Structures are given as structure tokens and as C-alpha cells.
Amino acid sequence: MNAQNTPIHVRLWHRDFWLMSIANMLLSMSAYIMVPSLPIWLFEEESFTPTEVGLSMGAFALGLYVFGAFCSWLVQRFRRNRVCIYSIVAMIGSISILYYVQGLHSEFVEFWVILLQRLLLGATFGLAQMILSSTLIIDTSESNKRTEANHSAAWFSRFAMSLGPVVGLVLFYYKNFDAVLLSSVFCAASAIILILTVNFPFRTPSDSLHIVSLDRFLLPGSMPLFLNLFLIALVVGMTMSLGLSDRFYGVIMLGFLLALVAQRVVFRDAELKSEIVSGLILLLAVLVLMYTRPLPIVWYIAPLLLGLSVGIICSRFLLFFIKMSRHCQRGTSQSTYILGWESGIAVGIGIGYIFFMNDDKGLLITQMALTVVSLLMYNYYTHGWFVKHKNR
């Protein structure tokens, strides 16, 4: 049977791995905390138009790719943990820009300031996330447990998709936007502290060191997987532009936990294709429920199924990227996965605000169409292409 399971090794979960995984979650939370609250602030306090808000949120996606081509050179030319720490410090600096303009109550902030801030945040977050996931977490794991380490650590950043917005919305409505920004800085600073507690020995740079390269950035020959993942993330990002409640995001976390159980029980010996196909069918069901929404209970069922769907889809795609990689390309596969997912989320949020502000029905219909396209693409092309071209 063409199936794959990721085993659980207790020895993987040592102190350093725990610290790096939690740092990974905190780093992602620092970015996701602002996802639901920043647009509200831009609309209510700064009088931005839907197009300006959408472009601002979407600029984060472009920023993710700014330093990617230099990632390999940076982590080999300098100490990799220090590059990650300096990237997070730069993240904190970009968040401080928002904190500064928030204090300028006497005047409206210019659109280009927010656009550049989001671009800078995406660039620094992207570099920090790529180094943390593709290098530091791998370095804390034994070579025969690195697939499990990648799979497990990715769940921590996935949890941030739920925890971050919950924290951001609660602080925004019960405190103010300053509290949201301070919490984002706190998460990023906490990630720095955790990274500092782990010792990473010095490694001699490669003899063939290039300043610009695809190493630790984009995995050559993985474009079908990348595009399919990007389309799915696009749908999820568009959902996040609907102005969801903190309760909705909280229930998504329950869906993530349910996905963990489903992977070990329902899909334990299932055919390899079943997880992503099932996840996309669940995602389509979520959108149909939100489109009809006849009863309040839908707003509990929909996020639960959304978390379940995203959990099983993302876990399998991550393992597919790892199987596509050759020797010494594991880190590159991680970065490619991160870029496909995070840029899809950011672009989806931007599209939601630019084209579907106050048109929830139109948004959901578009999402359903994109989900069907993603399902057909995966079932009739991407999966077969992956089985033919995988290297592991």
C-alpha cells in the first residue's frame, strides 16, 4: 500500500528540540497576532480604503522572498543562530514602526509607510522562519529523526495560526492596538531568548559558497507541489479576511488537535492520496456551511472542520516536499513549503479585502471554485507527478 506514517520517537523530544519548537511557534505568533486586528485599526483609525488595506496585507507575501536567495550565504558566512536572532530583532524594529505611528494620534499615517512596514515585516519574518525551520531545528535533531522533527516542529507554527489571532483580537477589543503590538514584540523577544539558550557549534562554510543561490530558498523541480499548496493557502487566507471572531479562531485549534488524532488513527494505514483529498473535501464542506449558515452551530462546526482540513493537508504537503528533496536539500524543502503556505495566506487575505469587501457571498463562491480547482489539480495531476518524481 502506498502509505506513509511518521513515527514517534521519545528521544527526539529533548530540551533543545522543545525550545526550538516553542520558539518556532512564538515567531509565527508574532506575525499572526496582527492579522485580524491590523485591518480593523487601518479601517477605523487611519481611514484606509479596502484596496489600501488589501495591498498592505498582501505586501507581506512579497517580503517573504526578499532575502531568500541570500539565506544560504548568510547562514554559512555568519553564525546561523545569530543571523536568525538579528532577523527577529529586525522584525521587532518593523513592529515598532507601527507602534510609533499608532502614537501619532494628531495625523493619519501615509499608505506607503504601512506598505513598507508590511514588506519589511514579511522580509525579516521570512528569513527568520527559513533559518529556524530549515537549519536550527534540523541541527538539534539526530539525522535519522529529522523527518519527524520537521513534521512535529511544523505543528507548533501551525498552532500559531489559531493562537495568534485569538490573542490579537482579545487584546484589541479589551485593551487597544498598542497592546496587540506589544504582545507581538513580546512573542518575538521570547523566541530570541529561547534561541539564545541553545548552543549551536560553529560550522565551516562550504568551499563553493555563492552569495545568491536557491539553496535553503526554493527547491528546484517542486513547482506543481508549490502551486497546489499556494492555491489551498489562498483559500484559507481569503477566509481570514472575513472578520472572524476570536471564538472562531479558538475552535480552529480544536480542529488542529483533531487532525493530530486523525493522522494517527484514521489515516494510519490509508492510501497516500487520501489525506489531501479528504482535507480538500472537508475544506469545501466548510465553505458550503459558511455560505448557507442557517444555524449558529455552523460557526462552531465550520472552524472545527477548517482546522481539521488545514492540519491534515499541510502535514502531508510538508512530507511531500521532504520526499522531493535530494541529499542536503532538506532545509530547502522546508523553506519552499513555508513560502508556498505563508505567501498564499497573505495574498489570500489581500484579495479578500481588495475584491470582496462587504461581499461575503461572492468571496465564498470564489473560494469554493478555487477549492474545486485545487482538488482536481491534486487528484488528476499533482499526486501522480509527485509519485513519479519523488526522491525518497
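Rings of Phe, Tyr and Trp, the last by its six-membered ring, form a pair if their centres lie within 6.5 Å. The exercises below use this rule on a predicted model.

**Exercise 1. Which residues do ring pairs link into a cluster?**

Solution. Start with the count: the structure holds 22 aromatic pairs. Then follow the ring pairs from residue to residue. They join Trp13, Phe17, Trp18, Trp155, Phe156, Phe159 and Phe256 into a cluster.

**Exercise 2. Classify the pair of tryptophan 41 and phenylalanine 177: what are its distance and angle?**

Solution. Two values describe a pair of aromatic rings: the distance of the centres and the angle of the planes.
- Step 1. The structure holds 22 aromatic pairs. In the pair of tryptophan 41 and phenylalanine 177, the centres are 4.8 Å apart.
- Step 2. The planes of tryptophan 41 and phenylalanine 177 make an angle of 10 degrees. Planes under 30 degrees apart count as stacked. The pair of tryptophan 41 and phenylalanine 177 is stacked.
- Step 3. Now place the partners. Tryptophan 41 sits in helix H2 (residues 34-44), and phenylalanine 177 sits in helix H8 (residues 177-196). They are 136 residues apart, and the pair links distant parts of the chain.
- Step 4. Check the burial. Tryptophan 41 and phenylalanine 177 are buried.

**Exercise 3. Why is the pair of phenylalanine 321 and tyrosine 337 edge-to-face or stacked?**

Solution.
- Step 1. The ring centres of phenylalanine 321 and tyrosine 337 are 6.3 Å apart.
- Step 2. Their planes stand at 65 degrees, so the pair is edge-to-face. The cut-off for that label is over 60 degrees.
- Step 3. Phenylalanine 321 belongs to helix H12 (residues 298-324), and tyrosine 337 to helix H13 (residues 330-356). The two are 16 residues apart.
- Step 4. Phenylalanine 321 has a relative accessible area of 0%, so it is buried. Tyrosine 337 is at 8% relative accessibility and also counts as buried.

**Exercise 4. Serine 21: is it buried or exposed?**

Solution.
- Step 1. Find the residue: serine 21 is in helix H1 (residues 15-32).
- Step 2. Read its relative accessible area, which is 0%. Buried means under 20%. Serine 21 is therefore buried.
- Step 3. List its contacts, leaving aside neighbours within four places in sequence. Serine 21 is in contact with Ala153 and Phe156.

**Exercise 5. Asparagine 358: is it buried or exposed?**

Solution.
- Step 1. Asparagine 358 lies in the loop between H13 and H14.
- Step 2. Its relative accessibility is 74%. Exposed means over 50%, so asparagine 358 counts as exposed.
- Step 3. Look at the backbone. Asparagine 358 has a positive phi of about 65 degrees although it is not a glycine. Arginine 216, not a glycine either, has a positive phi of about 60 degrees. Arginine 216 is in the loop between H8 and helix H9 (223-239).
- Step 4. Take a distance. Asparagine 358 and tryptophan 155 are 203 residues apart along the chain, and their C-alpha atoms are separated by 33 Å.

**Exercise 6. What does tyrosine 381 touch, not counting residues up to four places away in sequence?**

Solution.
- Step 1. Tyrosine 381 is in helix H14 (residues 360-389).
- Step 2. With a relative accessible area of 44%, tyrosine 381 is partly exposed.
- Step 3. Under that count, tyrosine 381 touches Pro224 and Leu376.
- Step 4. Tyrosine 381 and proline 224 are 157 residues apart in sequence, yet 8.5 Å apart in space, C-alpha to C-alpha.

**Exercise 7. Why does the radius of gyration of the chain agree with a compact globule?**

Solution.
- Step 1. With 392 residues, a compact globule would have a radius of gyration near 21 Å.
- Step 2. The chain has 20 Å, which agrees.
- Step 3. Add the extent: the C-alpha trace spans about 55 × 45 × 35 Å along its principal axes.
- Step 4. Add the burial: buried residues make up 58% of the 392 residues.
- Step 5. Add the surface: the chain exposes about 16,200 Å², and carbon and sulfur atoms supply 66% of it.

**Exercise 8. How many helices and strands does the chain have?**

Solution. The secondary structure comes to 14 helices and zero strands.

Note on methods. Residues are numbered from 1 along each chain as its sequence is written. This is a predicted model: local features need pLDDT of at least 70, side-chain atom pairs count only at pLDDT 80 or more; totals for chains, interfaces and linings use all residues. Side-chain values use heavy atoms; hydrogens and water are left out. Helices (H or I, at least four residues) and strands (E, at least two) are DSSP runs, numbered from the N terminus. The radius of gyration is taken over C-alpha atoms; the globule rule is 2.2 Å times the number of residues to the power 0.38. Buried means under 20% relative accessible area, exposed over 50%, partly exposed in between (1.4 Å probe, protein chains only). Accessible areas come from the Shrake-Rupley method with a 1.4 Å probe; for residues, only the protein chains shown count as cover. Contact means heavy atoms within 4.5 Å.
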